[in-house]
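Here is my note on the structure, set out as numbered points that can be followed with the sequence and the model side by side.

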Amino acid sequence: MSSIQITPVAQPINSRRNIGAIATNVDVNNLTEQDWKVLHDGLYTHSVIVLKNQAHATPKAQFELTQRFDPSCSAYGHGKTLDAKRSILHPDLKTIPHQPQVQVIGNGFVGEFEGLRNITLKHPHHKTFHKTAIPDAQDLDFTRFYRWHIDAALYDLHPPRITSLMAVQVPKGRTQTLRYDDGSRDELQVPLGTTAFVSGYTMYDILSASDKEFARTTQVEYAAHPYIWMSSAKSRSTGLGLESDGLELPAEELPPIDDLKIMKLPMLWKNPLTGKLALQIHPSAVRRLHLKDGSVVDDLKVVRDMVYRLQRPGIAPDLVYCHDWEEGDLVLFNNQGTIHSVVGAFAPDEVRVFRQCNLASSTPPEGPDSAPHEAAWAQPLRTYAPGKGTQAADQAAWMKPMRAY
């Protein structure tokens, strides 16, 4: 019998949040089969679990724990895409030489760490990615969600099932006010350098009946080489997807594209333990939507607006879990049931060192039961052009706003 105890995190009064749990009495270096079962079920119940006091855990143990959720996998979730210097991910991660599935992320100069010498880590800052930015004079007191995302290459490689994040060195001592800056006046008080998580299951559950049906029957096509394709584009102020200013790189400026490697995934992904459905979309990487009647939404701005309307209610302040990191925290999160975002702005001398591990999955995520729609998916694709005829107008009617943001 396992001695591990899993306790849901305390929720603020009147919060709708139901994500996050703390696991105690864990030794990642020496897990029994019973321990693994408790962690597995805890993760797929709470979506995010924090394993406390794991400073002694080795990169090898972190990799092996991550791999247990998908035993046939051994390659890092982004493969070799980090080698592409034009990728927006390139500056953010360093690979541990003796455990290449584990990356180092953080902020500041580190003289030596796990075989890496004289490295400078750079915490992503929203002003490098957002179309607008918080003024420099307010930068240490205010912040934004940097980029809501799923950890996934979204080209050639299947999305990892889980990600593990290990806090090695954590600067402390102040909080920041997180602003949405989208006209909603939404704000959050957050710990310095927090990681923000929201539940894809809640994001789906709060949709209207018609939006749920749309999500159940729609597939998302992602851009080829998405992190290079989007490298010149800029984000919305909420970090939830990109502005549509025509700044994406054209196909001729991308690495060679193999159409068979382009990802087309369900909009909803099923929890392997509970069977619940998560609205699971990487909003910055979307390119097209494939509808149940066989038509395709190809206009990129329309695609982004449709996805944003579905996802934005799910990042409301009372639905966000902002983890307050302590050294030795090893966080596991269900990468196929949550989206998350880097948060915060550090001063240059605030050193932060984390280890990250995720593995490209052996199988694509499981979607909802699509048997009733198989015939529709087999029909020839037709491009959806908004505003052209009554049929297009009917298809677009569901886009009427449920709330102004």
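1. A word on terms comes before the details: strands here are DSSP runs of at least two residues, and they are numbered from the N terminus. On that numbering, H126 sits in the loop between β6 (116-121) and β7 (142-143). The model is a predicted one, and what follows should be read with that in mind.

2. As for the chain as a whole, 8 helices and 22 strands are found in it, and 57% of its 405 residues are buried. If contacts between residues at least 6 apart in sequence are taken together, 78% of them join residues at least 24 apart. The protein chain exposes about 17,100 Å², with carbon and sulfur atoms supplying 52% of that area.

3. Returning to the loop that holds H126, is this histidine buried or exposed? Its relative accessibility is 4%, and because buried means under 20%, H126 counts as buried. Leaving aside residues up to four places away in sequence, H126 touches T132, A133, I134, D139, R144 and Y146.

4. β7, which follows that loop, belongs to an open sheet of 3 strands with the order β7-β9-β10 and mixed pairing. β7 and β10 (187-191) are the edge strands of this sheet, each pairing on one side only. Between β9 (residues 175-179) and β10 there are 5 bridges in the antiparallel sense, and within that pair T177 stands opposite Q189 of β10.

5. Strand β21 (residues 352-358) deserves a separate look, since 7 of its 7 residues are buried and the strand is therefore largely enclosed by the rest of the structure. In a regular strand the side chains alternate between the two faces of the sheet. In β21, R352, F354, Q356 and N358 point one way while V353, R355 and C357 point the other way, and all of these residues are buried. A reader who expects charged side chains to be exposed may wish to note that R352 and R355 are both among the buried residues.

6. Which strands pair with β21? Strand β5 (residues 102-113) pairs with β21 in the antiparallel sense over 6 bridges, and V104 has R355 of β21 as its bridge partner. Strand β8 (residues 162-169) also runs antiparallel to β21 and is joined to it by 6 bridges, with A167 standing opposite F354.

7. β8 is itself mostly covered, as 6 of its 8 residues are buried. Besides its pairing with β21, β8 is joined by 5 antiparallel bridges to β19, where L332 stands opposite S164.

8. Helix α1 (residues 33-46) can be checked for regularity: at 1.5 Å a residue its 14 residues should span 20 Å, and because its end C-alpha atoms are 20 Å apart, the model agrees with that expectation. The buried residues of α1 are D35, W36, L39, G42, L43, Y44 and H46, and they pack against β1 (5-8), β2 (21-24), β3 (48-51), α2 (59-68), β8 and β19 (330-334). Just after this helix, S47 takes a positive phi of about 75 degrees.

9. Helix α2, one of the elements against which the buried residues of α1 pack, is mostly covered, with 7 of its 10 residues buried. These are P59, A61, Q62, F63, L65, T66 and Q67, and they pack against α1, β3, β5, β8, β19 and β21.

10. Finally, what does a search for internal space find? Over the whole structure it returns 4 cavities of 30 Å³ or more, and the largest cavity holds about 430 Å³ of space. Its lining comprises 31 residues, with I105, H149, D151, V342 and Q356 lying nearest the centre. Strands β5, β8, β20 (338-342) and β21 each supply at least two residues of that lining, and the largest share, 4 residues, comes from β21. Q356, named above among the residues nearest the centre of the largest cavity, is also one of the buried residues of β21.

Key: Residues are numbered from 1 along each chain as its sequence is written. This is a predicted model: local features need pLDDT of at least 70, side-chain atom pairs count only at pLDDT 80 or more; totals for chains, interfaces and linings use all residues. Side-chain values use heavy atoms; hydrogens and water are left out. Buried means under 20% relative accessible area, exposed over 50%, partly exposed in between (1.4 Å probe, protein chains only). Contact means heavy atoms within 4.5 Å. Accessible areas come from the Shrake-Rupley method with a 1.4 Å probe; for residues, only the protein chains shown count as cover. Two strands pair if DSSP finds at least two bridges between them. The expected span of a helix is 1.5 Å times one less than its number of residues. On a 1 Å grid over the protein atoms alone, a cavity is a set of points where a 1.4 Å probe fits but cannot get out, and a pocket is an open set with protein on both sides within 12 Å along at least five of seven lines; lining residues have an atom within 4 Å of a point. Grid points are joined across faces, edges and corners, and a volume is the space filled by probe spheres set on the points.
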